[in-house]
Amino acid sequence: MNLEEFIKKSPKAELHLHIEGTLEPELMFSLAKRNNVEISFKNIEDVKKAYNFSNLESFLKIYYEGAKVLIEEQDFFDLTWAYALKCKEENIVHTEIFFDPQTHTDRGISFDIVINGIYKALQKAQKEFNLSSKIIMCFLRHLDEDSGFKVLEQALVHKDKIFGVGLDSSEKGNPPNKFKRLFKKALENNFVTVAHAGEEGPPKYMWEALNLLKVKRIDHGVQCLKDAKLVEELSKNQIPLTVCPLSNIKLRVFNKLKDHNLKTMLDKKLMVMINSDDPAYFGGYLNKNFIEIQAALNLSKEDIKTLLVNSFKSSFLNEKKKIEWISKFN
Ligand code: HPA
Ligand code: ZN
């Protein structure tokens, strides 16, 4: 079996996936029509042309524009169901997905509509093809902490459906430190915490995520190599870093895949794995991320196996389930 086949056939866990980032242009247009929402794109070609980003900020503008077509519970269900079918197609057997409630509640959509649509689709996927999943609610870091407290309040009502909280949106200028009281309250309410850090922002933000937000994983974290002490800390504690190769190229964190530091991170024994982030916007789902980074960095079969095993090790599955999946690679 060649490496590409091996990647496609292996069971995988995905740990960094924004459900709003799986909105394909085709679904965007059909939902715009169904809901009578005006969007600033004329047609699907026009949308695809707009997906030429210069950094995180330029992407977020279009990403929030696209999300405006999501109005009814059925829309959130359809969005999530389409991603669940991708998981089935790609042999993703476990997924931990982010959603951004403030993107929707700030447009007058109720928190319940959002969470129920997502949750029902994931339940159906569990029942029909045994896809396991967790839902992580992200706070938008460009907004203030008070806005975060309001959504946390609403999340408490849905504690049975929401496993953890995270932090996303514009990183630079919005350090984890800004949200330390909010994350403290989330931890007191038994939410697991994660945060985007070290995507574009400095190692300092990764330290803050660890020390102030008490995160179990860091999303992206590719800037860590600038700080040897941080690398030592991450390696010693095997803190997972959810790396997203195609995202990093699309948002120009690295110029090209050959320049990506994933192989260096693997060689430093960091707990890294591959994820797709916002696949509808960044040109590929999980398998494409794997296949393209393997080719660009000439990763070995052992490297690929490590990345696959790390995806399960780093997940929030229980120990028994982790062992079951990992044993398939021995
Ligand atoms: N970084 C920050 N915010 C985001 C991302 C990301 O990669 N994707 C969706 N929101
Ligand atoms: Zn992300």
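**Briefing: a buried loop residue, a zinc site and helix packing**

Ala67 is found in the loop between α4 and α5. The model is predicted. Ala67 counts as buried because its relative accessibility is 4%, against a cut-off of under 20%. The points below take Ala67 further, then turn to the zinc ion (ligand 2) and to four helices.

**Ala67 and its surroundings**
- Leaving aside residues up to four places away in sequence, Ala67 touches Leu23, Thr103, His104 and Arg107.
- Asp78 lies eleven residues from Ala67 along the chain. The C-alpha atoms of Ala67 and Asp78 are separated by 13 Å.

**Zinc site**
- Three histidines and one aspartate coordinate the zinc ion (ligand 2): His16, His18, His196 and Asp277.
- Each histidine donates through NE2, and Asp277 donates through OD.
- These donors sit at 2.0 to 2.3 Å from the zinc ion.
- The angles subtended by the four donor atoms run from 82 to 174°, so the arrangement is irregular.
- A tetrahedral label would need all angles between 85 and 135 degrees.
- For reference, the ideal angle for four tetrahedral donors is 109.5 degrees.
- The donor residues follow the sequence spacing H-x1-H-x177-H-x80-D.
- His16 and His18 are both buried.

**Helix α2**
- Helix α2 covers residues 25-35.
- Its buried residues are Pro25, Leu27, Met28, Phe29, Leu31, Ala32 and Asn35.
- The cover over the buried residues of α2 includes α3 (44-50), α4 (56-66), α5 (73-90) and α14 (279-282).
- Asn36 follows α2 and has a positive phi, near 55°.

**Helix α10**
- Helix α10 spans residues 203-211.
- Pro203, Tyr205, Met206, Glu208, Ala209 and Leu210 are its buried residues.
- Both strands and a helix help to cover the buried residues of α10, including β5 (192-197), β6 (217-220), β7 (241-243) and α11 (228-236).

**Packing of α16 and α17**
- Helix α16 (residues 301-313) packs against helix α17 (residues 319-327) at an angle of about 165°, and their axes are 9 Å apart.
- α16 is therefore roughly antiparallel to α17, as the angle is over the 145 degrees that this label needs.
- The two helices, α16 and α17, cross with right-handed geometry.
- On the α16 side, the contact involves Val309, Phe312 and Lys313.
- On the α17 side, Lys322, Trp325 and Ile326 meet them.

Technical notes. Residues are numbered from 1 along each chain as its sequence is written. Chains are lettered from A and ligands numbered from 1 in the order in which they are written. This is a predicted model: local features need pLDDT of at least 70, side-chain atom pairs count only at pLDDT 80 or more; totals for chains, interfaces and linings use all residues. Side-chain values use heavy atoms; hydrogens and water are left out. Donors are N, O and S atoms within 2.8 Å of the metal (3.2 Å for Na, K and Ca); water is not among the atoms, so sites may look incomplete. Four donors count as tetrahedral if all angles lie between 85 and 135 degrees; four count as square planar and six as octahedral if opposite donors are over 155 degrees apart and all others between 65 and 115; anything else is irregular. Buried means under 20% relative accessible area, exposed over 50%, partly exposed in between (1.4 Å probe, protein chains only). Axes are lines fitted to C-alpha atoms, for helices over the stretch in contact, and angles run from 0 to 180 degrees between N-to-C directions. Helices (H or I, at least four residues) and strands (E, at least two) are DSSP runs, numbered from the N terminus. Angles under 35 degrees count as roughly parallel, over 145 as roughly antiparallel, 65 to 115 as roughly perpendicular and the rest as oblique. A crossing is left-handed if the near helix is turned anticlockwise from the far one by less than a right angle, and right-handed if clockwise. Contact means heavy atoms within 4.5 Å.
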